[in-house]
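Please look at the sequence and the 3D structure below before reading on. The report after them is meant to be read alongside both.

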Amino acid sequence: MDPELGCSDKSLKKSSWKTTMLLAYQSLGVVYGDLSISPLYVYKSTFADDITHSETNEEIFGVLSFVFWTLTLVPLLKYVFIVLRAHDNGQGGTFALYSLICRNVNVSLLPNKQTSDEQVSTYKCESHQAHGYHWRIKIWIEKHKNLHIVLLIVALLGTCMVIGDGVLTPALSVFSAVSGLGLSLSKTQHEYAVVPITCFLIVCLFALQHYGTHRVGFLFAPIIVTWLLCISTLGIYNIVKWNPLIYQKLSPSYMFKFLKKTRKGGWMSLGGILLCMTGSEAMFADLGHFSFRAIQIAFTSCVYPALVLAYMGQAAYLSKHHSMNNNYQIGFYVYVPESVRWPMFVIAILASVVGSQAIISGTFSIISQSQSLGCFPRVKVVHTSNRIHGQVYIPEVNWVLMVLCVVAAIGFRDTKHLGNASGLAVITVMLVTTCLTSLVMILCWHTSLVFSLAFFLIFGSIEALYFSSSLMKFLDGAWLPILLAFFLMVVMFVWHHFTIKKYEFDLQNKLSIDWLLALRDSLGISRVPGVGLVYTNIVIGVPANFSHFVTNLPAFHQILVFVCVKYVPVPFVPPSERYLVGRVGPQDFRSYRCIVRYGYRDIHQDVNSFESELIVSLANFIRSEASLPGNLSDEANCGFTIIGSSPCKWAIEENSADASTMVKFEDERNSNDTNLRSKAKKVRFLLPENEGAKDGIVSNELQELLLAHESGIASIMGHSHIQAKAGSSLIKKTTIILYNFLRQNCRGPNVALRLPPESLLEVGMVYLL
């Protein structure tokens with residue numbers, strides 16, 4: 001893959017250990033901040049209402065045992081050793097799992113699917129033998145169309161809960177750290193100081209996001225390293241001083257004693273215990289920002305040991321202290337010696353700000369993926385690193401998250417309600433990941449049914465226990481992530497539904513190639529100099545927006561290209577395999593179809609690069625077509641040629657070297673431009689000498705293409721508006737109004753494709769659905 005466009009997981013694996021250790025260091029500041037600061041609020045949230053800390057210590061020892069085994073089973077065993085391996089070419093998250101399933105089972109609802117997409121080198125798909133339970137499950141899922149929608153809804157639910165957690169985690173983390181002022185201030189002073197300071201720190205955190213993950217990682221990593229060293233040291237200090245035998249209380253037997261004594265109260269308190277694994281999903285969601293090996297090294301060598309020591313130290317202190325005179329007796333700061341309490345308070349505030357970075361980065365990543373797969377309205381995605389492909393920043397989402405986060409902090413004003421809300425969001429995402437990973441094991445890895453079911457039942461039952469506890473806190477804050485998820489799911493499902501409906505409408509109203517060819521003989525239709533790029537979603541036939549254009553303006557360009565920009569369910573499409581080019585009509589008609597394929601992590605080029613590469617691809621196609629027997633590239637024969645490498649597998653693989661040397665692509669770049677935008681671009685064709693009639697025809701066609709390019713390029717695109725048919729239901733009319741509102745207030749397709757307004761022609765299109 002082009003280093004300017006990023007690097008895939010395969011290239012990262014080949015990197016040196018120095019690079020891996022550097023990424024592991026950066027991941028501490030981006031991925032593990034949220035998980036590392038959980039000692040700030042776990043014990044306090046657990047003992048908030050449902051249980052009390054008694055003289056027998058059965059409650060504190062039971063909570064410690066629950067925390068230890070939860071950390072060991074879920075973040076360590078499930079995520080680090082199993083789920084991280086279910087990556088999609090180095091990318092993690094809910095949609096990465098969904099795309100893996102879609103490639104191995106025909107459940108994708110994305111339009112424009114072609115057999116040739118499976119020839120992309122990054123389209124890794126396991127072969128299925130026509131027997132065994134894997135094959136039977138695959139066929140059963142493919143037959144039931146309702147299951148396709150269920151899978152999409154599950155993926156959307158996980159995405160929505162990640163976004164909801166991006167609202168709640170920063171508020172919870174920062175609020176918990178600032179609450180330490182309660183040890184030094186009166187109750188009245190505490191109420192008036194904590195919320196404003198929390199809101200100020202939240203605003204500062206989101207204001208830093210535009211610098212990019214790699215810069216934020218270098219800035220934040222030293223803070224998390226310092227924090228981990230401090231809580232480890234404090235843990236060891238309190239273990240040695242107060243209860244050296246605290247390690248014996250890690251036995252699972254203390255969990256059963258805890259539940260036996262506390263009963264319903266203990267079950268309800270599990271909603272606070274689950275916060276110890278808050279941030280685990282960020283390991284998987286942020287996988288594209290770093291690498292599999294770097295995240296493993298950072299967790300197993302630094303994060304996990306530090307957290308275990310911190311929780312053991314807190315439990316050791318609390319086991320010898322049962323009565324205190326304020327409301328912060330179970331809080332984090334009570335076990336910090338007074339001599340270092342204020343320095344620890346400052347470090348905790350900094351660490352809490354950093355801790356929010358993990359879920360914010362994960363939110364950007366998963367929204368970028370869902371947008372590419374047609375499940376989220378178009379927003380601006382800024383790629384902040386030229387080396388690590390998955391590092392992105394989304395301005396609109398960033399500021400919306402900031403506002404919602406501040407509102408949550410002002411509205412709840414305590415860690416109890418914020419913890420209940422965040423806990424439900426976290427455990428829901430984990431349940432979704434468990435379900436999808438189980439399907440990946442069966443359908444993609446072909447794991448034995450026993451192992452797949454064991455994974456689902458073991459981790460699913462653990463998470464279901466925590467989920468049931470969190471759901472009982474609905475009135476105490478857990479309603480917020482449910483409300484956010486419901487709103488986001490409506491938006492995403494409506495956007496995806498009408499994206500599919502628009503494609504189906506375009507497909508039904510397309511015109512035949514014969515209609516296009518008949519225009520050549522029509523009176524009043526003229527061909528004007530230049531290249532006309534007609535953007536459409538369909539990959540066959542003539543789109544309706546072009547027929548509307550010709551009807552109202554009886555002329556079209558000398559070189560006509562139907563361009564379909566589509567997304568393949570893979571993270572990256574190599575540049576050498578990006579363009580599929582075919583001919584529409586006879587050779588002298590000078591009409592082509594170009595399918596431009598992107599993965600959900602790919603970067604769109606600026607318009608100059610895109611247009612220049614498109615012209616170069618057409619020129620390479622014209623030359624390579626001459627070597628194909630029987631005109632295989634004619635669209636009537638369903639033939640396309642992959643331009644940039646050798647022709648596709650069903651064509652003759654020869655003369656690719658000639659095709660690559662036939663065109664020179666000169667690109668004068670400004671080396672100081674961080675956005676890699678070109679200052680000037682030129683396309684020059686090296687025309688072959690006339691060695692025969694065929695070479696003469698190719699030379700003439702290339703000459704016409706060059707002249708048309710010099711005359712200018714115009715982009716023709718449909719400007720859509722959806723209307724409901726007469727007699728439509730109220731629900732349908734309401735969803736259409738919502739879709740039109742989203743379309744009008746989000747970025748248009750011309751902005752997403754970076755088309756210059758001065759060369760854009762928009763054709764009004766009304767969709768009656």
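What follows describes the protein as a whole, then one strand and its partner, and finally the cysteines.

This is a predicted model, in which local features need pLDDT of at least 70 and side-chain atom pairs count only at pLDDT 80 or more, while totals for chains, interfaces and linings use all residues. Residues are numbered from 1 along each chain as its sequence is written, and side-chain values use heavy atoms, with hydrogens and water left out.

The protein has 26 helices and 11 strands, where helices (H or I, at least four residues) and strands (E, at least two) are DSSP runs numbered from the N terminus. Of its 769 residues, 60% count as buried, a term for under 20% relative accessible area, with exposed meaning over 50% and partly exposed in between (1.4 Å probe, protein chains only).

Strand β5, residues 579-583, is mostly covered, since 5 of its 5 residues are buried. The two faces of β5 are both covered, as the table shows.

| Face of β5 | Buried residues |
|---|---|
| One side | Y579, V581 and R583 |
| The other side | L580 and G582 |

Strand β5 runs antiparallel to strand β6, residues 591-598, and 5 bridges join them; two strands pair if DSSP finds at least two bridges between them. Within β6, R593 is the bridge partner of G582.

A disulfide is a pair of cysteine sulfur atoms within 2.5 Å, and by this rule the count is 0 disulfides. C199 is in no disulfide, and the nearest cysteine sulfur, that of C405, lies 8.3 Å away. C199 counts as buried because its relative accessibility is 13%, whereas C435, at 33% relative accessibility, counts as partly exposed.
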